[in-house]
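Biologist: I want to test the labels on this model one by one. Show me the structure, and then I will ask what backs each term.

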Amino acid sequence: MDNPQQPGVESDEGLVFHLEVSMGIYHLTAVRRFVAELMQSVVNDPALAARLAMATHELLENAVKYSTNTRRLVSLRVAAEHSHRVRVTVMNASTEELTAPLRVLLAQLNQAPNRDAKFREMIEQSLLRESGSGLGLARISAEAELDLSCELHQGILSVTAETAIGERP
């Protein structure tokens with residue numbers, strides 16, 4: 001079995017795991033624990049596995065919260081490549097209207113010279129907002145030290161958190 005499209009199958013490109021589920025908030029902890037254990041077995045680094053699990057939790061929570069699909073159908077893809085990169089991607093239904101501010105936020109987070117300072121700044125700003133603070137994404141950037149990106153294709157938003165295995169910024 002070397003088909004990288006099958007969940008949990010190792011291939012020449014590394015490990016790829018894919019899950020598609022009508023997600024509820026109550027699933028988040030179970031999926032987070034699963035990703036932590038799966039990634040620990042792949043990267044053999046408890047700190048990196050924990051960072052990826054936290055990113056998974058934050059990305060899934062956002063997908064459930066902001067999905068335009070009333071069933072909250074989301075996809076999770078976890079990939080560890082032999083090229084020493086690891087990524088978590090969450091996909092859900094969205095619109096350009098919802099994605100445009102996300103692109104701006106991710107650019108700000110990725111370009112921040114000090115991710116911790118940017119996170120603290122966003123915490124202060126969140127006190128003045130009722131919703132859409134971006135704190136979960138800022139947490140991924142600052143605490144998990146992962147790079148973030150997004151892409152909208154035919155109504156499906158993919159948000160990815162990734163890093164090199166064995167490196168910290």
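**Labels and cut-offs**

Biologist: Why is Arg115 called buried?

Modeller: Its relative accessible area is 18%. Buried means under 20%, exposed over 50%, and partly exposed in between, with a 1.4 Å probe and protein chains only. Arg115 at 18% is therefore buried.

Biologist: What kind of model do these values come from?

Modeller: This is a predicted model, where local features need pLDDT of at least 70, side-chain atom pairs count only at pLDDT 80 or more, and totals for chains, interfaces and linings use all residues. Residues are numbered from 1 along each chain as its sequence is written, and side-chain values use heavy atoms, with hydrogens and water left out.

Biologist: What makes Asp147 and Arg115 a salt bridge?

Modeller: Their side chains meet at 2.4 Å, N to O. The term needs a side-chain nitrogen of Lys or Arg within 4 Å of a carboxyl oxygen of Asp or Glu. The pair therefore qualifies. It links distant parts of the chain: Asp147 in strand 5 (residues 147-153) and Arg115 in helix 4, 32 residues apart. Asp147 has 33% relative accessibility, so it counts as partly exposed.

Biologist: How many salt bridges does the structure hold?

Modeller: 7. One of them joins Glu58 and Arg139 at 2.8 Å, N to O. Glu58 sits in helix 2 and Arg139 in helix 5, 81 residues apart. Glu58 and Arg139 also belong to a salt-bridge network with Glu143.

Biologist: Which of Glu58 and Arg139 is buried, and which is partly exposed?

Modeller: Glu58 is buried, at 10%. Arg139 is partly exposed, at 26%.

Biologist: How do you know that Glu162 and Arg85 form a salt bridge?

Modeller: Their closest N and O atoms are 3.2 Å apart. Glu162 is in strand 6 and Arg85 in strand 4, 77 residues apart. Glu162 is buried at 17%, while Arg85 is partly exposed at 27%.

Biologist: What makes a stretch a helix or a strand?

Modeller: Each is a DSSP run, numbered from the N terminus: H or I of at least four residues for a helix, E of at least two for a strand. The protein has 5 helices and 6 strands, in the pattern β-β-α-α-β-β-α-α-α-β-β.

Biologist: What is notable about phi at Arg72 and Glu145?

Modeller: Most residues other than glycine have a negative phi. Arg72 has a positive phi of about 60°, and Glu145 has one near 55°. Arg72 lies in the loop between helix 2 and strand 3 (73-81). Glu145 is in the loop between helix 5 and strand 5. Arg72 is partly exposed at 27%, and Glu145 at 22%.

Biologist: Which residues lie nearest the centre of the largest pocket?

Modeller: Tyr66, Leu102, Leu105, Gly134 and Leu137, out of 29 lining residues. Elements giving two or more residues to the lining include helix 3 (96-111) and helix 5 (135-142).

Biologist: What makes it a pocket rather than a cavity?

Modeller: On a 1 Å grid over the protein atoms alone, a cavity is a set of points where a 1.4 Å probe fits but cannot get out. A pocket is an open set with protein on both sides within 12 Å along at least five of seven lines, and lining residues have an atom within 4 Å of a point.
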